[in-house]
Amino acid sequence: MQEKPTTVAAYAAGASLAAVALFYVFGPNYTIDGDESNDSNRKKSIVGLSNPANDCFINSVLQALAGLGDLRVYLIHELHRRELDGPEIYHTLPSEDEISPARSDKLRELQQGIITRALKDMLNRLNERPIYKKTISARDFIQALEYAFRTRISRNQQDAQEFLQIVLERLCDEYHAGVRARQRALDAVGATASSTTGEEGRPQESSSEVEVRIDDGSANGLPAIIDTKLKQIDKESGFPFEGKMESQIECQFCHYQYKPNQTAFVNLTLQVPQKSSTTLNSCFDGLLKTEYIEDFRCDRCRLQHAVDVKTTELARARTQGDRDRLSQEISRIREALETDPEAELEGIVFPPPETAPKRRIARHMRITAFPKVIAIHLSRSIFDQSSSSKNAAKVSFPERLPLGSILSQKWYKLLAIVCHKGSHHSGHYESFRRNHIYPPFSTPEVFSSYAQSRSASQNTSAAPSPRIVPRSSPDVNGDGSISRAGSSASLSPASASTSAVQLTPPQQRPTTSGSRRSFQSNTSHSSKLTLSPVSDSSSPTTDQDRWNPSAPRSSRGTPGSSQDIPTGVSSRLRRRRKPNDRWWRISDEKIKECKTSDVLGMQREVYLLFYELEKPDTEGHR
């Protein structure tokens with residue numbers, strides 16, 4: 001008996017729903033994070049930001065911050081720490097004699113970290129991997145920022161660097177306010193425990209040496225779960241943008257070196273010289289090189305001049321009182337010359353300042369504490385007496401930036417830039433961010449490797465089935481067969497850790513839009529490069545080869561027969577790009593993929609650069 005069409009349709013619909021449910025149970029990230037989605041016509045993208053009222057200076061900075069992994073780790077750590085401590089610690093304010101009532105509300109908001117929480121939510125939304133084009137608004141974060149500063153952000157000719165400076169300084173202030181609140185809570189616990197031991201007749205101890213125990217009915221009690229290394233943890237996991245710079249002055253006549261002056265910074269401003277082209281290292285030289293200043297009055301030379309003048313007056317003094325006074329002043333000045341020439345000497349009449357000698361000094365500056373993420377602002381403003389203009393000089397910048405001395409050199413990797421197109425008074429901001437997913441934030445290709453290993457094992461063939469590991473090019477043996485380090489069905493612990501590194505998806509390149517013609521031409525060119533085939537003989541080193549040195553390395557010649565290569569693997573070989581060569585170019589809601597060479601080519605437009613400190617143990621992840 002033939003079934004009715006409605007019954008057949010019902011069975012088909014139920015079977016399709018069951019298949020979809022099974023698909024998302026075993027591999028929910030397959031179509032989002034998996035590289036196999038390149039075989040479809042759907043183009044991968046990221047979340048864009050709407051621009052309702054000249055918000056490009058806000059959107060570009062937020063997109064650049066969304067690509068900084070150390071910043072996201074800090075936000076997660078800081079908010080999780082506040083949740084574990086409890087809200088009462090960050091609601092408590094210092095005593096009234098330490099703070100005025102007018103600043104109590106602002107300090108409480110700093111301790112609660114309202115901008116830290118708002119930025120974490122904003123960056124989480126920007127780091128989604130949407131299936132289709134998605135555009136969101138930054139209004140929630142802007143409202144939180146306006147509430148924190150009790151003012152509105154104007155949209156008239158705003159500067160991306162000024163917005164970045166406001167955000168970073170606020171985040172840094174919230175971090176230090178939270179550290180001080182936790183320290184006050186620890187001091188209060190230590191003081192309570194110390195007073196308790198004092199009442200029992202035991203010797204009182206300082207708050208840093210008190211051992212707090214819980215009364216559980218036993219003789220000694222249980223030790224309280226209080227982290228004694230909170231200061232060390234806060235010091236090691238500080239605000240990632242915060243660094244320290246030291247400046248020092250040396251007199252070229254007497255060679256006296258002033259005491260070093262340390263200042264903290266959250267971003268560095270480098271002046272772009274007025275020439276046709278320059279380099280980022282030359283801009284750093286303008287900040288960190290030795291600077292010579294003329295007509296400076298050295299404190300030590302001033303004291304020596306005072307000794308010489310007073311010695312002459314002592315020889316001409318006629319009364320004993322003048323001799324005693326001058327002798328006492330000379331001895332005090334000579335003592336200051338030996339100990340601290342910069343100290344203020346009260347009760348001594350110095351010669352007129354204009355009679356003190358002028359010297360040539362050398363001013364040195366160096367970075368003493370390197371931040372995890374360094375934000376660099378290239379100042380392109382040229383101010384004249386009556387007008388201002390933009391310096392359009394080319395500034396070449398490297399992908400890997402060395403900083404520090406030779407013995408303690410730090411290497412930074414470029415993760416994002418912000419570009420400005422236009423004049424000094426008008427223009428458009430766009431951003432580039434590296435397309436990478438940090439291991440804590442993704443679980444790519446869970447289902448694809450499982451499906452491929454199942455399909456390969458079910459093929460009935462006399463020859464053994466090829467063992468496929470996702471996201472790596474095949475190693476070809478001499479007979480043309482494909483050898484793999486292992487399949488996804490059976491992985492040793494060593495190969496399992498290797499596959500976790502292999503499964504990190506390749507980095508895609510951000511896109512920005514300034515002038516639409518150049519924007520479309522650049523992106524169309526990059527799309528052609530994406531679809532161009534890559535020969536098997538010149539394929540780049542795979543992640544497996546990099547992270548599994550003990551694996552056997554065979555020749556990389558062209559396979560003898562095309563039937564030996566599975567169709568899925570061959571399509572990935574044709575479309576594969578170097579993992580570190582993929583960027584996003586973002587202009588508000590317009591997003592395109594590009595390459596590192598396109599980013600490094602933005603030499604006239606580059607305005608902000610974001611470098612992240614490389615870690616030797618995780619360098620291959622990036």
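Select helix 4 (residues 69-85) together with helix 7 (residues 114-126), whose axes come within 10 Å and cross at roughly 130°; the axes are lines fitted to C-alpha atoms, for helices over the stretch in contact, and the angles run from 0 to 180 degrees between N-to-C directions. Helix 4 is therefore oblique to helix 7, given that angles under 35 degrees count as roughly parallel, over 145 as roughly antiparallel, 65 to 115 as roughly perpendicular and the rest as oblique. The crossing of helix 4 and helix 7 is left-handed, a term for a near helix turned anticlockwise from the far one by less than a right angle.

This is a predicted model, in which local features need pLDDT of at least 70 and side-chain atom pairs count only at pLDDT 80 or more, while totals for chains, interfaces and linings use all residues. Residues are numbered from 1 along each chain as its sequence is written, and side-chain values use heavy atoms, with hydrogens and water left out. Helices (H or I, at least four residues) and strands (E, at least two) are DSSP runs, numbered from the N terminus.

Now show the side chains of Leu71, Arg72, Leu75, Ile76, Glu78, Leu79 and Glu83 in helix 4, which meet Thr116, Arg117, Leu119, Lys120, Leu123 and Asn124 in helix 7, contact meaning heavy atoms within 4.5 Å. Sorted by class, the contact of helix 4 with helix 7 holds six nonpolar, two polar and five charged residues, where Ala, Val, Leu, Ile, Met, Phe, Trp, Tyr, Cys and Pro count as nonpolar, Asp, Glu, Lys and Arg as charged, and the others, Gly among them, as polar.

Keep helix 7 and add helix 3 (residues 56-66): the axes of these two helices come within 9 Å and cross at roughly 80°, which means that helix 3 is roughly perpendicular to helix 7. Here Leu62, Gln63, Leu65 and Ala66 of helix 3 touch Leu119, Met122, Leu123 and Leu126 of helix 7, and the residues of this contact divide into seven nonpolar, one polar and no charged.

Move next to strand 10 (residues 359-369), which runs antiparallel to strand 5 (residues 243-251) and is joined to it by eight bridges; strands pair if DSSP finds at least two bridges between them. Met245 stands opposite Ile367 in strand 10. Strand 9 (residues 291-296) also pairs with strand 10 in the antiparallel sense, over four bridges, and there Ile293 has Ile361 as its bridge partner.

Finish at Asp285 in helix 11 (residues 280-288), and add Leu270, 15 residues apart from Asp285 along the chain, with 9.1 Å between their C-alpha atoms.
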